[in-house]
Amino acid sequence: MIARQSRAAIRLGAALLALSVVAVPASRAEPGPDSPIAGEVIEAPLVVTSPDGRLSAVFWSEGGLPRYRVQFDGEDVISPSMLGLRFAVAGNLDTRLWPVDSETTSANTQWELPWGERRVVHDQHNELLVSYRHERDASRGFDVRVRVFDEGLGFRYEVPVPDGEHRAIVDEVTSFAMPQESETWWTPAGDYNRYEYVYRTTPLIDVDTAHTPFTARLPNEGVHIAIHEAALVDYSGMRLDQQREGVLTAELAPGPDGIAVHKNGSFTTPWRTIQVAEEAVGLINSDLILNLNEPNVLGDVSWVEPGKYIGIWWGMHINTMTWGSGPEHGATTENAIEYLDFAAENGFAGVLIEGWNIGWDGDWFNNGALFSFTESYPDFDIEAVTDHARTRGVRLIGHHETSGHLTNYETQMEDAFDLYERLGVTQVKTGYVADAGNLLRIDENGEERHEWHYGQYAVNHHIRVLEAAAARHISINPHEPVKDTGLRRTYPNWISREGVRGQEFNAWGNPPNPPEHTAMLAFTRMLAGPADFTPGIFDLTFNGPDSPNRVQTTLARQLALYVVLYSPIQMAADLPENYTANPEPFQFIRDVPTDWEESIALQGAVGDFIVTVRQERGGADWYLGAATDEEARTLSVPLDFLEAGRAYAAEIYRDGPDAHWHDNPYDVLIETRTVDADTVLDLPLAAGGGAAIRFVAE
Ligand code: NOJ
Ligand code: CA
C-alpha cells in the first residue's frame, strides 16, 4: 500500500521535522537569479523518518555540495557526509547541485521468500525522493531515493541521462562519516584472497580499505551499525576507504580500462545501506537488504530445493585424495557410488563431486583455459553415477571450477548446463579461484583483460550464469563469488555462495579460523546472506591437536554452525567414516533442516558469542545454535520463543564439563530434557565451544 501525500504537505512536514530535530550547517546563498533553477531550490533540509520515528535521514545542499546525515534517537550515526558521482568525460555530479523537488511515499506490505530464514518478510518504510539539479543546467543532476525502515535505511542514485549518451563512472563520492571513537569489525579489501580474511577488531581510525558488510559499534550508548549495499546489478562493488579520519568513502573496483562503471542512458546505482540497531543482534534480525531488492523475476521456483549434502571434497583439502587424475583421484565412479549410498542412507539430498572433469592435472589454479565442463575423467562414468543417484533418490551436485577464466566458462556454460539438465543435476557449485583483480576475460580483440571479483564485468557474469542455469532449472552456489547483496530475492536460484573464510582454511592451516570466527561471522559476513561455510567436521585434529591444520572449535560447535550460519544448502563436510564412527552427534546433522519458518538471533556480542533459534519451515520444531569465542561462558537463555503452553523434548548437544577447543574438543554431552516457553535454560559453553538443540514439539 503506497500512500502518496501532496508535495506541499510533505515539504511542510519535512521543514517542521527539520526544525525540531535536525541541525545542519547553514548553506551559502542559493544560485543567482540567472540560474535556470533560481527560485526552485528547496531551502529547508529534507527529512524522512522511520515508521517508529527513531531513525531519520536528512538531505540538503551545502553551498552546492549535496549532503546527507543519519540520526538515531536524535544523535548522529552518520554525521554530514557527501553524495555524488564523477565521470571520465561528462560533467561531474558532485558540486553546484541543489535540491529542487521532492516526493515522499510510504509502504507497509509483506511478501514470501520461497526459501529462507523466514517465510514472511515485512516491508514497512517511508521513502523520500530528492531531485538535485545543477545550478547551470537544469537537465543535469541526480535523484536520491531513500527508504527508511525501523532497522536502517538504503539510498541510491537515479541518474537521468539522455538516450544514446554514455557515462563512464570513475568515482562515487558517497561517504559515511562516523564518530571517531567507534569500534569496528572488518576485512581488508583489495588483497589477493578476495573476501576470505579473518575479521579484524579495530578502532575506526585503524580501518584502511574494507569490504562490506562493515560493522561498527558507536559510542552512542553502544548503537551498532552495518554499512553494505543492496541489489548490486550492472555496477561495480563498493569498498570503503578511510582517507580523512573517521570518514569512509565509497571506492568502486575499476575495470581493466580504469573505468569503474560504464552506463548507457539513464541508470540507477545499487542501494547504499546503513543498518542501525540498539543491540548487536538487531543487525541480524533485519530484512533490510532483501527488502531493497527487486521481487523474483524467475516465476515458479519450486525446482529450487534447499537441503543437506555431502561431498567428495574434504579428502582433497586434507590431502588424502586429489582433484587431478592418479591413484588418489577422488572423483571415481566407485567412490561416487559409495558416497551416494551413504547420502541415501542418511537423508542427504545430494553429493557434490569435485575433480570429475578434465582440466585438474597440473597447475589448475593458473590454467583455467584447460577446463572442460562436459568431459569427465575416464575413471568417472557420469552417466552411471547419475543413474545410480536416481535409483537411490539422491542427486549428483555438479561442479564447475573456472579458476577465474570467465571466457572459458562463458563459452562452455550453455552446453555444460544442458548436460547437467539431461542427467538430473539441479544444483551446481561454481568456483572462481584466482587472486582478487585477476579474473581473466578475453576481449573482442582476443586480448587478455583482468577483472576484479566484484567489478562490473564479474557482477554481470554472475547474473548471466544464473539466467542460463535458471532456464534449465538449475541452482548456483558460487565460491570465490561477488559478495551477496540480496539478489536471491530476484534470482531465487542463487542458492548460496562462499565469499567467506570457510571451513577449508582449517584443512590448510594457514592459519585456521580462530575460535571467535563463528561469533564474528554472524554479525558481519552473514548480514549479507547465506554462506556455504561447509560445517560439520568431526575429526577436528586430523594432524594432531598442536598442528595448525586443525579445527579450532569443539565438536558441539560444529553442530551449532548448522543453525547459526544460515544457508539453504548445508554440507556435512567431513568424510563419511567420521560420521559412521560418531552416530550420536551425527544424529543432529541428520535432523537439522535447512529451510525455516522463522529465525531469531536472541543474544550476542560481535566476535564474542551468539545464540540463534530457528523454526523448521512447515513444522513445529525449533532449533538453537550457540557459539562462543575463546572464552568459556554460561548463557542463560529464556525459551519464550516456543509456543506457549506446549511441551517440547529438548535434545541438547553441548560441551561437556572438560571440553576445550584445544585440549579436549571431543567432550560432547548429549541429553534430553522436557522444556516449555517458561523454561530458562543455562547453557555452559567451553572455550571455542557451542551448543546445538532440537526442540521436538510434543
Ligand atoms: C575453493 C573452494 O572454496 C573449494 O570449496 C573448492 O574445493 C576448491 N576451490 C576447488 O574448486
Ligand atoms: Ca574458497
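**Notes on a predicted model**

1. Let's start with a single contact: Tyr-309 has Gly-350 of β24 as its bridge partner. The two strands involved are β23 (residues 307-312) and β24 (residues 350-353), which pair in the parallel sense over 4 bridges. Strands here are DSSP runs of E, at least two residues long, and helices are runs of H or I of at least four, numbered from the N terminus. Two strands pair if DSSP finds at least two bridges between them.

2. A word on the source. This is a predicted model, in which local features need pLDDT of at least 70 and side-chain atom pairs pLDDT 80 or more, while totals for chains, interfaces and linings use all residues. Residues are numbered from 1 along each chain as written, chains are lettered from A and ligands numbered from 1 in written order, and side-chain values use heavy atoms, with hydrogens and water left out.

3. Now back to the strands, for the wider picture. β23 and β24 belong to an open sheet of 6 strands, and its order runs β29-β26-β25-β24-β23-β30. The pairing in this sheet is parallel. At its edges sit β29 and β30 (569-571), each of which pairs on one side only.

4. Which residues coordinate the calcium ion (ligand 2)? The donors come from Glu-196, Glu-480, Glu-498 and Glu-504, through OE atoms, with Glu-196 and Glu-498 each listed twice, and the distances run from 2.4 to 3.1 Å. For calcium, a donor is an N, O or S atom within 3.2 Å (the limit is also 3.2 Å for Na and K, and 2.8 Å for other metals); water is not among the atoms, so the site may look incomplete. Along the sequence, the donor residues of this ion follow the spacing E-x283-E-x17-E-x5-E. Glu-480 lies in the loop between β29 (475-479) and α9 (504-508), and Glu-504 is in helix α9 itself, so this pair ties together parts that are 24 residues apart in sequence. Are Glu-480 and Glu-504 buried or exposed? Both are buried, that is, under 20% relative accessible area (exposed is over 50%, partly exposed in between, using a 1.4 Å probe and protein chains only).

5. Next, the largest pocket, with a volume of about 480 Å³. It has 27 lining residues, and those nearest its centre are Arg-194, Glu-196, Val-433, Glu-504 and Trp-508. Look for two of the calcium donors in that list: Glu-196 and Glu-504. Three elements give two or more residues to this lining: β25 (395-401), β26 (427-431) and α9. β25 and β26 also stand side by side in the order of the parallel sheet. On a 1 Å grid over the protein atoms alone, a pocket is an open set of points with protein on both sides within 12 Å along at least five of seven lines, a cavity is a set where a 1.4 Å probe fits but cannot get out, and lining residues have an atom within 4 Å of a point.

6. The second largest pocket holds about 250 Å³ of space. Its lining counts 19 residues, with Asp-257, His-262, Arg-441, Gln-456 and Tyr-457 closest to the centre. Both β20 (261-264) and α8 (456-470) give two or more residues to this lining. β20 has the largest share, 4 residues.

7. Arg-441 turns up again in a hairpin. It stands opposite Arg-449 in β28. Strands β27 and β28 run antiparallel, joined by 4 bridges. The hairpin leaves 5 residues between the strands, and among them you'll want to look at Gly-446, which takes a positive phi near 80°. Glu-447 is also found in the loop between β27 (439-442) and β28 (448-451). This glutamate is partly exposed, at 43% relative accessible area. From Ser-403, Glu-447 is 44 residues away in sequence and 18 Å away in space, C-alpha to C-alpha.

8. Finally, the cavities. How many of 30 Å³ or more does a search of the whole structure find? There are 6. The largest cavity has a volume of about 340 Å³. Of its 26 lining residues, Glu-117, Ile-284, Ser-286, Met-526 and Leu-527 lie nearest the centre. At least two lining residues come from each of α2 (280-284), α3 (288-291), β31 (596-605) and β32 (609-616).

9. The second largest cavity comes to about 110 Å³. It is lined by 17 residues, and Tyr-195, Tyr-199, Thr-212, Gly-499 and Arg-525 are the ones nearest its centre. Volumes are the space filled by probe spheres set on grid points, which are joined across faces, edges and corners.
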